[in-house]
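Student: I would like to work through this chain step by step, putting one question at a time and hearing the reasoning before the answer.

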Amino acid sequence: SEMKAKAGMAFDKGIKCILKTQIIVDKRRTVWCAQHDENTLAPANARSYELASFSGSESVGIVELLMDIDTPSEDIIAAVNGAIKWFDDNRIKGIKIETIVNQDGKEDQAIVEDKDAPDLWARFYDLDTGKPFFCSRDGNKRNSLSEIDAERRNGYQWYTNAPEKALKKYPEWKKKHAYCE
């Protein structure tokens, strides 16, 4: 029982930290960065191609964790609502990623227009513009997947459909916790 109590306190501290790291823009809660500074809790760079950003990927696990809390606080509910709105507002429609054979005869990832493709989200969104960006190991932001080198284009997951899981779970969660709004 002592260990359970310590684990519960540690979990609660972790949730407080998660809530402090949620990126807020114009007083509106959004999502999280893939990593945050250990002292300031601000969005932070990691590897050279993982720049501080809104994360369309890592934020999903956080939202799912928060939605799994049986009796969420008002702050948790606000965090989930803000992130879900951000996911909904930042869907990318009408494209899919395909493996093609490039002019050198090698397999390569390419963006293909497809009006019937399921929604996607970029891995990283610029903190200033809100637009997706992509990086090679040089750490310079680029506007499209085709602008980065083949090694990073093919060796990293730049798009995800993971937010769809949280979006599908959300209506039931919201109905269950409507009392807090």
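Student: Which residue in S5 is the bridge partner of Thr99?

Tutor: Bear in mind throughout that this is a predicted model. Strand S4 covers residues 95–101 and strand S5 covers residues 107–113, and the two pair in the antiparallel sense over seven bridges. Within this pairing, the residue of S5 that serves as bridge partner of Thr99 is Gln109.

Student: Which residue in the turn of the hairpin formed by S4 and S5 has a positive phi?

Tutor: The two strands pair in the antiparallel sense, and they form a hairpin with five residues between them. In that turn, the residue with a positive phi, of about 80°, is Gly105.

Student: Is Gln22 buried or exposed?

Tutor: Gln22 has its place in the loop between helix H1 (2–21) and strand S1 (24–25). Leaving aside neighbours within four places in sequence, Gln22 is in contact with Arg29, Thr30, Val31, Trp32, Ala79 and Ala83. Its relative accessible area is 3%, and buried means under 20%, so Gln22 counts as buried.

Student: Which element gives the most to the lining of the largest pocket?

Tutor: The largest pocket, with a volume of about 270 Å³, is lined by 16 residues, and Val25, Arg28, Thr30, Phe54 and Trp86 lie nearest its centre. The elements that give two or more residues to this lining are strand S2 (28–29) and helix H3 (74–89). The element that gives the most, with five residues, is H3.

Student: How many residues of that lining are nonpolar?

Tutor: The lining of the largest pocket consists of 16 residues, and these can be divided by the character of their side chains. Six of the residues are polar and six are charged, while the number that are nonpolar is four.

Student: Turning to the chain as a whole, what percentage of its residues count as buried?

Tutor: The protein chain contains five helices and ten strands, and its C-alpha trace spans about 60 × 40 × 35 Å along the principal axes. The accessible surface comes to about 10800 Å², of which 49% belongs to carbon and sulfur atoms. Of the 181 residues, the share that count as buried is 42%.

Student: Among contacts between residues at least 6 apart in sequence, what percentage join residues at least 24 apart?

Tutor: A contact here requires heavy atoms within 4.5 Å, and the count takes in pairs of residues at least 6 apart in sequence. Among these contacts in the protein chain, the share that join residues at least 24 apart is 60%.

Notes: Residues numbered from 1 in each chain as written. Predicted model: local features only at pLDDT ≥ 70, side-chain atom pairs only at ≥ 80, totals over all residues. Heavy atoms only, no water. 1 Å grid on protein atoms, 1.4 Å probe; cavity = no way out; pocket = protein on both sides within 12 Å on 5 of 7 lines; lining within 4 Å. Points joined across faces, edges and corners; volume = space filled by probe spheres on them. Helix = DSSP H or I, 4+ residues; strand = E, 2+ residues; numbered from the N terminus. Nonpolar A, V, L, I, M, F, W, Y, C, P; charged D, E, K, R; others polar. Pairing = 2+ DSSP bridges. Buried < 20%, exposed > 50% of the residue type's maximum accessible area, 1.4 Å probe, protein only. Areas by Shrake-Rupley, 256 points an atom, 1.4 Å probe, with all protein chains shown as cover.
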